[in-house]
Amino acid sequence: MGIDTKNDAITSRDVDFAQWYTDVCRKAELMDYSSVKGFIVYRPYGFAIWEQIQNYLDHKFKQTGHENVYMPMMIPESLLQKEKEHVEGFAPECAIVTIGGQNQLDERLIVRPTSETLFCEHFAKIVSSYRDLPIKYNQWCSVVRWEKTTRPFLRGSEFLWQEGHTIHRTKEEAKHETLMMLEIYKDMGKDLLAIPFVTGQKTEKEKFAGAEETYTIEALMHDGKALQSGTTHYFGDGFAKAFGITFQDQDGKVKHVQQTSWGVSTRLIGAIIMVHGDDNGLVLPPRVAPIQVVIVPIQQAKPGIVAKCTEIKNRLEKIGLRVKFDDSDRTPGWKFAEYEMKGIPLRIELGPRDLESNKVVLCKRNTGEKIQCKIDELENAVLNTLTSIHEEMYHKALDQLLNSIKEANTYDEFKSLIDKGGYIKMMWCGDETCENKIKEDTNATSRCIPFEQEHFGDTCPVCGKKASKVVLFAKAY
RNA sequence: CGGGAAAUAGCACAGCUUGGUAGUGCAUCUGGUUUGGGACCAGAGGGUCGCAGGUUCAAAUCCUGUUUUCCCGACCA
């Protein structure tokens, strides 16, 4: 009924994107707010998406020789302060414990905002020979950063993530690791999330506190804003020197290790929502969807309906699919709307008409398209449809990304383009003052120096000096 | 952290101006009829009004503080 619709409907994506996003987060039952600012409850359905991401990445990490470990949550203040740039980068957003039990602590403890320092302290203890290298660790955990403005999944005071930390014998090996992990993240976008990422290097201004080089995967949201979705860092020997991580090499000399770190977070859930979602709610790419297929019975009281649905569920589970059969006494219309809100990629409808003709209706979440399918051919049809849903979603997002990238040859052109959203590519002199000016004038930031470089000018449109690199700018979350 | 708005049942809101200890719709529960796009009828349960103080015979309502959320800036994954 109309009233029902009014209460359950979400804000239109193009009317108020921010409100739409919040509505989807809550109505798709991904999260709930807690009573502490910036800390959210990850509800089962939201957490299940994270678990899919974890499963995918954990497998890739292990395939590439990484081991999972767990570091403490608390960092002694003195430890965090060992690397100058690092502490300066994180100090403003640290939560600090000053009391333990009943007593004031002698040394304050920082709730980890990231674990570089803990890994470094540990590495220094366990490495002595080149034979000990490389060490490739990963940690799944949460970190705390006292953010001033928070939004579910996109920016929280606490968020879940993985952080990889590796140390290597040579610069080449560490750099290779840094780029290999970036490639794994990019592949994850394409294979799992159906999100195309632009990859490239961060400018000096935007790189990680303490890193020598930072690389990034950048995605484009439906509202035209960019989202940094993951980063990998090459540290060189900066941390190794600060923390004394040394080893004796084959030539007998004592050397510092070469180090990397890399991470993605639950922010990826925000990316999925904002890249794929629509006015009916969430739209999940099939491979990351906790439930890939939902079976909705029509007139389920009629003989044979429930039995046939159960049979279909079993057959689909047998080929490895995640399937839900909703035999609750809700009406079909209610179930359609509910599972669309939750973004389940494929719905199977089965009623008396279907039973009679030995067919089912497949309905694709991403397009709404309905397809008749013979029950005998169900397995292949479902697998193929899920595959094509993934491909359609990826290519739609890719088209949006590519169409959004505009070239600016003058600063005026840049300023008018940047307000329309998307990425703007522009020649850049390499000077941070130009980035700062752009930030001040337009609120846009440099997102990355893309790997795919081209040359369409000799000067930086902002300052007029010589320019050799193309940089992508955008307004970002 | 600055500027603005908000907080009353699971959700969305009304009540506040002019104090007299809550109301509507949806949701929930029970029974029945239904079922191909958020069903219908009948009945029932549920809140002390974000939190903490204050004023008052009396506070959802007035005052002070505080927390959280949303929007806009500055900061960041």
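**Entry 1: the RNA**

Which residues come nearest to RNA strand B? I looked this up in what is a predicted model, and I noted that A18, G333, A337, G351 and R353 come nearest of the 51 residues around the strand; a residue is near a strand if its C-beta atom, placed from the backbone, lies within 6 Å of it. I then sorted the surface near RNA strand B by class and wrote down 18 nonpolar, 18 polar and 15 charged residues, where Ala, Val, Leu, Ile, Met, Phe, Trp, Tyr, Cys and Pro count as nonpolar, Asp, Glu, Lys and Arg as charged, and the others, Gly among them, as polar.

Next I asked which element gives the most to this surface. I found that α11 does, with eight residues, and that the elements supplying at least two residues each include α2 (17-27), β11 (226-236) and α12 (352-357).

**Entry 2: how the model is read**

I kept in mind that residues are numbered from 1 along each chain as its sequence is written, while chains are lettered from A and ligands numbered from 1 in the order in which they are written. Local features need pLDDT of at least 70 and side-chain atom pairs count only at pLDDT 80 or more, whereas totals for chains, interfaces and linings use all residues.

**Entry 3: confidence**

I checked pLDDT, the predictor's confidence in each residue from 0 to 100, and its mean for chain A is 93, with 98% of the residues at 70 or more. Over residues 1-7 pLDDT stays under 50, and the model has zero contacts for them beyond four places in sequence, a contact being two C-beta atoms, placed from the backbone, within 7 Å. Where pLDDT is low, the predicted coordinates should not be read in detail. For the complex, the predictor gives an ipTM of 0.87 and a pTM of 0.95.

**Entry 4: the chain as a whole**

I noted 15 helices and 23 strands in chain A, which are DSSP runs numbered from the N terminus (helices are H or I, at least four residues; strands are E, at least two). From a domain assignment, automatic or from a database, I copied domain 1 (11-276), domain 2 (293-388) and domain 3 (405-474), and I found 39 Å between the centres of domain 1 and domain 2, taken over C-alpha atoms.

**Entry 5: one residue**

Is D251 buried or exposed? D251 counts as exposed because it has 7 C-beta neighbours inside 10 Å, and the cut-offs are 20 or more other C-beta atoms within 10 Å for buried, 12 or fewer for exposed and in between for partly exposed, with C-beta atoms placed from the backbone. I located D251 in the loop between β12 (246-248) and β13 (254-256).
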